[in-house]
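Here is a short briefing to read alongside the structure. It moves from a core residue to the core itself, then to the pocket and an exposed site.

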Amino acid sequence: MASLNVGNLGEYLREQRRTAQLSLRQLADAAGVSNPYLSQIERGLRKPSAEVLQQVAKALRISAETLYVRAGILDAERDRDDVETRAVILADPTLNERQKQVLLQIYESFRKENGFEIAPTDAAPAQSETQNDSAAQDSDVLDEPAVEDPRTTDGSDADPHQTAS
């Protein structure tokens with residue numbers, strides 16, 4: 001297998017793991033990934049998802065943002081507040097993946113509305129088509145027009161529940 005262009009992520013992970021005095025197996029267990037997969041990441045043979053990097057960062061007690069930058073998921077020059085906001089959303093254990101993606105879409109739309117550059121979509125973990133469809137359906141709900149007030153449908157301001165006197 002040829003080495004992927006993931007910067008020096010693997011070397012950095014190995015260095016951090018050794019500094020933490022963890023074996024490959026211990027880190028894999030703590031991060032919830034397989035030992036062979038983590039070994040392939042360290043050797044530059046696999047490019048991990050943002051979610052896997054988040055788990056590894058948590059196990060190593062280091063910044064996930066640092067790993068995202070080293071893996072080429074985030075640009076080091078990107079607005080720090082934007083990066084931190086995204087990281088907090090992605091790390092929230094009380095939200096499921098669909099909710100995280102919908103929340104990120106809303107966040108991006110507000111930033112765009114306020115004239116800020118939208119981060120590339122590769123900053124978030126990849127989704128399956130069904131997750132994308134689900135997130136799209138949820139965001140479509142946000143775009144539906146408000147239910148019309150029945151008091152104004154006949155052109156009058158009178159409450160239809162009141163009787164004429």
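Leaving aside residues up to four places away in sequence, Leu67 touches Leu9, Tyr12, Leu13, Leu53, Val56, Ala57 and Ile62. Please keep in mind that this is a predicted model. Leu67 belongs to helix α5, which covers residues 64–70.

**Leu67 and its surroundings**

- Leu67 counts as buried because its relative accessibility is 0%, and the cut-off for buried is under 20%.
- From Leu67 to Gln54 the C-alpha to C-alpha separation is 8.1 Å, with their positions 13 residues apart in sequence.
- One of the residues that Leu67 touches is Val56, and Val56 has its own list of contacts: Leu13, Leu27, Ala31, Leu38 and Leu67, again not counting residues up to four places away in sequence.
- Leu13 appears among the contacts of Leu67 and also among those of Val56.

**The largest nonpolar core**

- There are 23 residues in the largest nonpolar core, and Val56 and Leu67 have the most contacts inside it.
- At least two residues of this core come from each of α1 (9–19), α2, α3 (35–42), α4 and α5.
- Helix α4 gives the largest share of this core, 6 residues.

**The largest pocket**

- If you are thinking about volumes, the largest pocket holds about 260 Å³ of space.
- Its lining has 14 residues, and those closest to the pocket centre are Gln54, Gln55, Leu90, Ala91 and Lys100.
- Two or more lining residues come from each of α2 (24–31), α4 (50–60), α6 (80–91) and α7 (97–113).
- Helix α4 supplies the largest share of the pocket lining, 5 residues, just as α4 supplies the largest share of the largest nonpolar core.
- Sorted by class, the lining comprises 8 nonpolar, 2 polar and 4 charged residues.
- Gln54, one of the residues closest to the pocket centre, is the residue whose C-alpha lies 8.1 Å from that of Leu67.

**An exposed site on α2**

- Ala30 is a residue of helix α2.
- Is Ala30 buried or exposed? Ala30 counts as exposed because its relative accessibility is 52%, and the cut-off for exposed is over 50%.
- Between the C-alpha atoms of Ala30 and Lys58 there are 8.7 Å, although the two residues are 28 apart along the chain.
- Helix α2 also contributes to the lining of the largest pocket and to the largest nonpolar core.

Note on methods. Residues numbered from 1 in each chain as written. Predicted model: local features only at pLDDT ≥ 70, side-chain atom pairs only at ≥ 80, totals over all residues. Heavy atoms only, no water. 1 Å grid on protein atoms, 1.4 Å probe; cavity = no way out; pocket = protein on both sides within 12 Å on 5 of 7 lines; lining within 4 Å. Points joined across faces, edges and corners; volume = space filled by probe spheres on them. Helix = DSSP H or I, 4+ residues; strand = E, 2+ residues; numbered from the N terminus. Nonpolar A, V, L, I, M, F, W, Y, C, P; charged D, E, K, R; others polar. Buried < 20%, exposed > 50% of the residue type's maximum accessible area, 1.4 Å probe, protein only. Contact = heavy atoms within 4.5 Å. Core = buried A, V, L, I, M, F, W, Y, C linked by side-chain atoms within 4.5 Å.
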